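Trainee: I'm new to this one. Could you walk me through it?

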Amino acid sequence: MKTLTRQDLAALAAQPAAAPAEWIRVQLDTGGIAAGAETLFTALDHARLEHRLPFALQRTGSTGYAFADPVVEVQTVGLPRVHYGHMMPELAPQLIESHFTHRRLLDDHVIATRRRSLVLDAPVTHILVRDTGNGPGSKTEFFQFSFQEELKRRGLADRVQVVRAFDMGIYDEGAVVQLLPSAVTYTNVLAPDVARIITESIEAGKVLDDLLWKTSDKQVRIVLRHCGEVDPDSVDDYLRRAEGYQAFARALFELTPEQVIAEMKVSALRGRGGAGFPTWMKWQLTRAQPATQRYVICNGDEGDPGAFMDRSVLESDPHTVLEGMLIAAYAMGSSQGYFYIRAEYPRAVERIQRALDQAREIGLLGQNILGSTFSFDAKIRLGAGAFVCGEETALIASIEGKRGSPSPRPPYPSVRGLWGMPTAINNVETLAIVPAILLKGGAWYAGHGTETSKGTKVFAVTGKVRNAQLVEVPMGTTLRQIVFEVCGGVLDNKEIKAVQTGGPSGGVIPASLLDTPVSYETLQQLGSIMGSGGMLVMDKGDSMVEVAKFYLRFCVDESCGKCAPCRIGGYQLLQILDRISRGRGNAGDLAIIHRVCHAMQKASLCGLGQTAPNPVLSTLRYFGEEYQAFIEGGPSYARKVSGAAKAAKAPAPATTQEVSS
Amino acid sequence: MKTNPPSGSESSIADLRHADEAELIDMLEKAEQKHGFIPREISDEIARLLEVKLERLRRIQGKLDTTIRRDVQQHVAHWRNEEGNLIMILHAIQNQHGYIPREVAMELSRELGVKLARIYEVITFYHYFKLQPPGAHNVTVCNGTACYLKGSGDLINELRTQLGIAEGQTTPDRQIHFETVRCIGCCGMAPAMVVDGKTCGHVKTSDVAGHLANLRAKKETAA
Ligand SMILES: Cc1cc2nc3c(=O)[nH]c(=O)nc-3n(C[C@H](O)[C@H](O)[C@H](O)COP(=O)(O)O)c2cc1C
Ligand code: SF4
Ligand code: FES
């Protein structure tokens, strides 16, 4: 590939590439591949060659629909563009035949678009139906049949296809019907409405106001803007279809470093790795430090066990993160960057490595980038399975090839960091947002979110939730909206008990406080933290004492042992919790817990020890009676609880698959 | 006229080339029992063969050492000009061997001029680095939060019972290594388990026996 010039970028900006008319995009992230996406890709490729079909078969990352892996997106002439979930490899021939021979959508796999319309701006060609109610027996087939019969009666059966959907993105609203291609959506549709919908909406092109679903989707995709859209292995695709490196070019040629930082200040972006420190200020501090070299590090250590936002972004859109790093480096006057990525994320490592190689090849990394005076290069350093290495000073020690033990701050890395030089450490998500801010402006970004927490945040919602997935919402969205509106509520319609945010450093938020809008401040007030974005849903069957113990054990295992409050305090705390959960606690234990927690928070050297008590304290705060019950109930109570938890757990896994059959 | 060698020795000497040391010594004893003494030609031949074997052993050992040295030199050369390269070199070694063999760590210590103790200090700090060779087959249960909440604890218990070992250990026959990890990135399919590199989602405790039986069957066909 030849070296890119400033003119090339300008030309690309003026004239984005024309997309092929027909394509299938297979979402090949770690989750998708584990579910069979790679095999599916091969099967589709075979079918394509066999039938000599002209469609483009593309590799992409993940949109975030983890619950529906493997996921593909299909664009065929004459059909609306759709996502399909649970597209197992053996369905490949069916998919091809349906789309390219019969020109029909497949039943039972469509994930409806989240962009719902209020106006019917095009004649209806497809009707998606799904019964989202909780009643016994799904009425999806009944509605499909009713629509089909009615269409037949009116001689419209050839013009309109009725498709059973897999997921509508709307839950517990009875029968939901979506008219494509406009995406006008009706909810709580009853049998008598079928004829009315056909007469009014399909024949006369009018929207039925009484059925119309007017709530717009809560999600706003800024971080995830290209995830599932671009080929993560192709810089060409990124340049042509995703305004790739345009933000960097703008920064480099139109703005001074100070102006870049000023733009970041307007955006009010705060770090997404946990602490929420203003990004512009971190850059400013690093820039202000006189030095011969400054370093920029992307923190891709994602330690929260059960969160996968950063992995997904690294795997799905590596060039955006690299572009963010380039902009950061330009703003700070750095010529060397590092991606610190967990070795347990081999695919993320591979894709970032490829992105770096490609960028180097076309001159976006190296000396005098795009003919400017700015030079920069970046390389990868692998984490090696130590949670504490997510902490800045430990991460630096690890890059230096040492044990990842934290050191006291100050001095902060922005003053003395890697090899003693000023260093800015930014989270993956933070860097992925940067190009969007440079393209659309800080004010645009600050237009999202709340007064003190601007923009959007990606959450990995898992646990006892119906649809485990990545969710990106503006700050200020409530926990209830995230769990119920976006993710469909609790698995098996159980009652929600609490939501855990912030992973091992965070806390639980009880069901009664689910209407809390999410922001750095509100979560902190409730005794939790935003953290990097893990969000775990728990139902009534989950024991809070056990959950606290799980997180605490994690922190004890991961403590580097450098300072006593964390090493000894954590171990002590775990012993007490273990005793309590076996029904052998005593009345004085809770007071001791508080004392130990307090000591850890105050005296630990790094964030790990300081925050390790959070899960314990917050469960005590909201579910103190559970601890009491264990203490008062004794061993027999403990046995009963753990027995019940097991019984409740056993059948759970089966239910998630039923939808596909 | 040439005296016949003691009966049977002709063929047995031919066979001896493939015998190991224990068999050779066994031959000596047998010969002694049979003849009441050890005929010269047999003892000479056996001594020669033992010598050959010893020589071969030394050669293999030497070759091993040079192979190790060459590999380590290659890894080090690749990272030569990088500050803080130790962890990346350890990753390369583990990628090659599946763990960090002691001889390799020692060679690395010589090559880098870094104390062996410091290398071990780093290896032991990071969970990712292993000091034991992996089993022929590997079963890894995810114990991240999502999987934990959906019953990974039961899977771990089931595996402990069925394999008779705890996580982090390998069965005595070195066939199956059992491990837990934190989040393998398939939380949508929790609880998840990786069996010889293949990820299985929505695993139930009742599935465990089947997975293990498959592995053991693989082992039989491989043997
Ligand atoms: C124990 C511990 C673990 C951490 N793990 C991570 C992590 O996995 N990813 C991350 O981005 N930040 C992590 N952090 C926060 C980082 O230290 C740092 O604040 C962050 O990477 C800065 O980036 P940001 O300003 O973009 O948020 C962790 C902090 C502590 C104390
Ligand atoms: S708080 Fe814990 S992890 Fe942090 S330095 Fe102290 S012992 Fe290590
Ligand atoms: S927690 Fe098990 S795959 Fe994420």
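Mentor: Sure, let's start at the ligand: an oxygen atom of ligand 1 is 2.7 Å from an N or O atom in the side chain of Lys282(A). That's a polar contact, meaning a pair of N or O atoms within 3.5 Å. This is a predicted model, where local features need pLDDT of at least 70, side-chain atom pairs count only at pLDDT 80 or more, and totals for chains, interfaces and linings use all residues. Residues are numbered from 1 along each chain as written, chains are lettered from A and ligands numbered from 1 in written order, and side-chain values use heavy atoms, without hydrogens and water.

Trainee: How much of ligand 1 does the protein bury?

Mentor: Taken alone, ligand 1 exposes 610 Å², by the Shrake-Rupley method with a 1.4 Å probe. Of that, the protein buries 89%.

Trainee: Which strand gives the largest share of the shell around ligand 1?

Mentor: The shell has 18 residues, each with a heavy atom within 4 Å of the ligand. Strands are DSSP runs (E, at least two residues), numbered from the N terminus. The largest share, three residues, comes from strand 13 of chain A.

Trainee: What area is buried between domain 3 and domain 4 of chain A?

Mentor: Domain 3 covers 235–446 and domain 4 covers 496–644, with bounds from an automatic or database domain assignment. Buried area is the accessible area (1.4 Å probe) that two parts lose on being put together, summed over both. Carbon and sulfur atoms give 62% of it, and the total is about 1600 Å².

Technical notes:
Polar contact = N/O pair within 3.5 Å; in protein donor to acceptor, adjacent residues only side chain to side chain. Helix = DSSP H or I, 4+ residues; strand = E, 2+ residues; numbered from the N terminus.
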